[in-house]
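Here's a walk through one protein chain, working from the inside out. Have the sequence and the 3D view open while you read.

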Amino acid sequence: MLTREKSIQGVLFSSEEIQTRVRDLGQQISTDYANLENPLILIGILNGSFVLCADLMRQITIPVEIHFMSVSSYGSGTESTGIVRIDKDLRVDITGRDVLIVEDIVDTGLTLSYLRELFADRQPKSLEICAFLDKPETRQKPVEVRYIGFSIPNEFVVGYGLDYNHYFRELPYIAILKSEVYQG
Ligand code: PRP
């Protein structure tokens, strides 16, 4: 069993830093989407984004709906494959609606590129992305992300919804995993 003591190299963003940034993002989103005809639709991409979604929607002061979609990329380990499987699709019609995809991290960009195309085909009125963490060094496919919490170096990060083999999603902070953990 992996413990924090054995696995965590150090804290990248404290809980306080995260909450401050989430508050700023919520304010910015509330300003940008003020005066919509219908509530803004947030689409959380499970599993990683559930913590961010819960915090972010409570910092948004305009009417919002939250819906979730579950996707996974084929393959295992720490590498993205680019092949995305839909495990649970949306149960809301987003045609003509303002949609904001909420993700915990954009890494290669393969997942969000796929999702952006998928949702664009459903003809929303507007479609933007909020990703809390951005790893620009590992991008394989360019993807336009309107709201970014923090840009980070190419480290394996866990906590605040992000996991390593289902461990560490519960951490209230974002931490760097020791390389020996994922390199065996
Ligand atoms: C993570 C994250 C994104 C994706 C980003 O999900 O939540 O969906 O990887 O990587 P990419 O930019 O390289 O495509 P993951 O597949 O780890 O699933 P999880 O959210 O259930 O942890």
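The largest nonpolar core of this predicted model has 27 residues, and those touching the most other members are Ile-29, Leu-56, Leu-100, Phe-132, Leu-133, Val-157 and Ile-174. Quite a few elements chip in. The table lists those that give two or more residues to this core.

| Element | Residues |
|---|---|
| Strand S2 | 40-46 |
| Helix H3 | 50-57 |
| Strand S5 | 98-106 |
| Strand S6 | 126-134 |
| Strand S7 | 147-151 |
| Strand S9 | 174-177 |

Helix H2 belongs on that list too, and with four residues H2 gives the most to this core. Apart from this core lies another one, made of 21 residues, with Ile-41, Val-84, Val-106 and Leu-118 among them.

Ile-174 is a good residue to click on. Leaving out residues up to four places away in sequence, Ile-174 touches Val-11, Leu-12, Phe-13 and Ile-18, then Phe-132 and Leu-133, and also Val-157, Val-158, Gly-159 and Tyr-160.

Now for H2 itself. This helix covers residues 15-32, so to speak 18 residues in all, and reaches 26 Å from its first C-alpha to its last, close to the 26 Å expected at 1.5 Å a residue. Which residues of H2 are buried? They are Ile-18, Val-22, Leu-25, Gly-26, Ile-29 and Ser-30. Look down the axis of H2 and these buried residues fall within an arc of 130 degrees, so they line one face of the helix. Turn to the face pointing away from that buried side and you'll find the exposed residues Glu-16 and Thr-31.

Zooming out, the protein chain has five helices and nine strands. Starting at the N terminus, the elements run α-β-α-β-α-β-β-β-α-β-β-β-β-α. Contacts often link distant parts of the sequence: among those between residues at least 6 apart, 68% join residues at least 24 apart.

What about overall size? The C-alpha trace spans about 50 × 35 × 25 Å along its principal axes. A compact globule of 184 residues would have a radius of gyration near 16 Å, and the protein chain agrees because its own value is 16 Å. Buried residues account for 45% of the 184 residues. On the outside, the protein chain exposes about 9400 Å², with carbon and sulfur atoms supplying 46% of it.

Note on methods: Residues numbered from 1 in each chain as written. Predicted model: local features only at pLDDT ≥ 70, side-chain atom pairs only at ≥ 80, totals over all residues. Heavy atoms only, no water. Expected span 1.5 Å × (residues − 1). Buried < 20%, exposed > 50% of the residue type's maximum accessible area, 1.4 Å probe, protein only. Arc of directions from axis to C-beta. Rg over C-alpha atoms; globule rule 2.2 N^0.38 Å. Contact = heavy atoms within 4.5 Å. Areas by Shrake-Rupley, 256 points an atom, 1.4 Å probe, with all protein chains shown as cover. Core = buried A, V, L, I, M, F, W, Y, C linked by side-chain atoms within 4.5 Å.
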